[in-house]
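Welcome! Take a moment to look over the sequence and the 3D view, then try the exercises with the solutions covered.

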Amino acid sequence: MRNLDQHTITEAVLARQAQTPDPRLKQIMDLLVRHLHAFAREAQLTEAEWFQGIDFLTRCGHITDERRQEFILLSDVLGLSMLTVAQNNDKPAGCTEATVVGPFHVQHAPRYPLGADISNGAHGVPCVVRGTVRGIDGEPVPQAELDVWQSDEDGLYDVQHAGITHAQARGVLTADVAGHFHFRSILAVPYAIPHDGPVGQLLESMGRHPWRPAHLHFMIKAPGYETLITHVFRSDDAYLGSDAVFGVRHSLIADWKQQPDGSYLVEYDFVLNPVAPS
Ligand code: BEZ
Ligand code: FE
């Protein structure tokens, strides 16, 4: 078809990609084209607005490198990351809920023995973290691997500090045979997601703030169980109701209790979902 207009172009594009050999790719591309075209029609998108969108994505590309991922940040603030997590982690009642991984997880963080101080020099108020990893029937999960990461008291992860090349406030621990774990770190504080780039400008232009409520990240792995990627949030945080990336789940909020010496203690038990039998 050569004489396409605004009413016929969608079907023409779908026809052009009809031979896509991979059925899943075809399904996704067909839906993408339908929804993108419907969006442009419903918004009555102007050419200037189309170019503004292209320019925005170009700036996201330019600021992205191995330390900064602006496209994931965009997905996060649009709620797409959390929607994808939620629809792929529909676990039985009683299992710990999953939430966004975020951009600051690092592969192969240092391993620590139980009880160690994983802050490794990061600044913050001392905090002890302890709990148990269990399965859905209450059985302890022996030797579960807990990969933990958090920001320092300035709200920055080690990888965001230009001068820091060693791991701070992150580490991997192995629970004992009864699934118990404990370690020392620092108090989690609320922090702003990176907002000095196009995503930050977008938030500002929409009157949205870039803050996340204080949290500690966990990735927990054990044979026979689904990997759990989640956070534990502080119950006293002002941003629990307005997390910039929509990651809060009520069941993930815990009381972080101040101790007589000024340090903090947080206790949280995780419940893993068994891998479905194949
Ligand atoms: C985080 O919790 O580390 C995070 C999640 C999404 C965007 C930015 C940071
Ligand atoms: Fe975080």
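Here are three short exercises on this predicted model, each with a worked solution.

**Exercise 1.** Find which residues coordinate the iron ion (ligand 2), and work out how they are spaced in sequence.

*Solution.* Start at the metal: Tyr157 and Tyr191 each offer their OH atom, while His215 and His217 each offer NE2, at 1.9 to 2.1 Å. Next, read along the chain, where the spacing of the donor residues is Y-x33-Y-x23-H-x1-H. Now place the two tyrosines: Tyr157 sits in the loop between strand E2 (145-149) and strand E3 (170-174), and Tyr191 belongs to strand E5 (residues 191-192), so the pair ties together parts 34 residues apart in sequence. Finally, check their surroundings: Tyr157 and Tyr191 are both buried.

**Exercise 2.** Decide how the geometry of the iron ion (ligand 2) site is classed.

*Solution.* Look at the angles among the six donor atoms, which run from 54 to 165°. An octahedral site needs opposite donors over 155 degrees apart and all others between 65 and 115. The site is therefore irregular, given its angles of 54 to 165°.

**Exercise 3.** Work out which side chains make polar contacts with ligand 1, and how much of ligand 1 the protein covers.

*Solution.* Begin with the residues around ligand 1, among them Leu73, Phe104, Arg212 and Val245. Then look at oxygen atoms of ligand 1: a polar side-chain atom lies 2.7 Å away in Tyr191 and 3.3 Å away in Tyr157. For His215, the distance from a side-chain N or O atom to an oxygen atom of ligand 1 is 3.0 Å. As a last step, turn to coverage: ligand 1 on its own has 270 Å² of accessible area, and the protein covers 100% of it.

Conventions: Residues are numbered from 1 along each chain as its sequence is written. Chains are lettered from A and ligands numbered from 1 in the order in which they are written. This is a predicted model: local features need pLDDT of at least 70, side-chain atom pairs count only at pLDDT 80 or more; totals for chains, interfaces and linings use all residues. Side-chain values use heavy atoms; hydrogens and water are left out. Donors are N, O and S atoms within 2.8 Å of the metal (3.2 Å for Na, K and Ca); water is not among the atoms, so sites may look incomplete. Four donors count as tetrahedral if all angles lie between 85 and 135 degrees; four count as square planar and six as octahedral if opposite donors are over 155 degrees apart and all others between 65 and 115; anything else is irregular. Helices (H or I, at least four residues) and strands (E, at least two) are DSSP runs, numbered from the N terminus. Buried means under 20% relative accessible area, exposed over 50%, partly exposed in between (1.4 Å probe, protein chains only). A residue is near a molecule or strand if one of its heavy atoms lies within 4 Å of it. A polar contact is a pair of N or O atoms within 3.5 Å; within protein, one must be able to donate a hydrogen and the other to accept it, and residues adjacent in sequence count only if both atoms are side-chain atoms. Accessible areas come from the Shrake-Rupley method with a 1.4 Å probe; for residues, only the protein chains shown count as cover.
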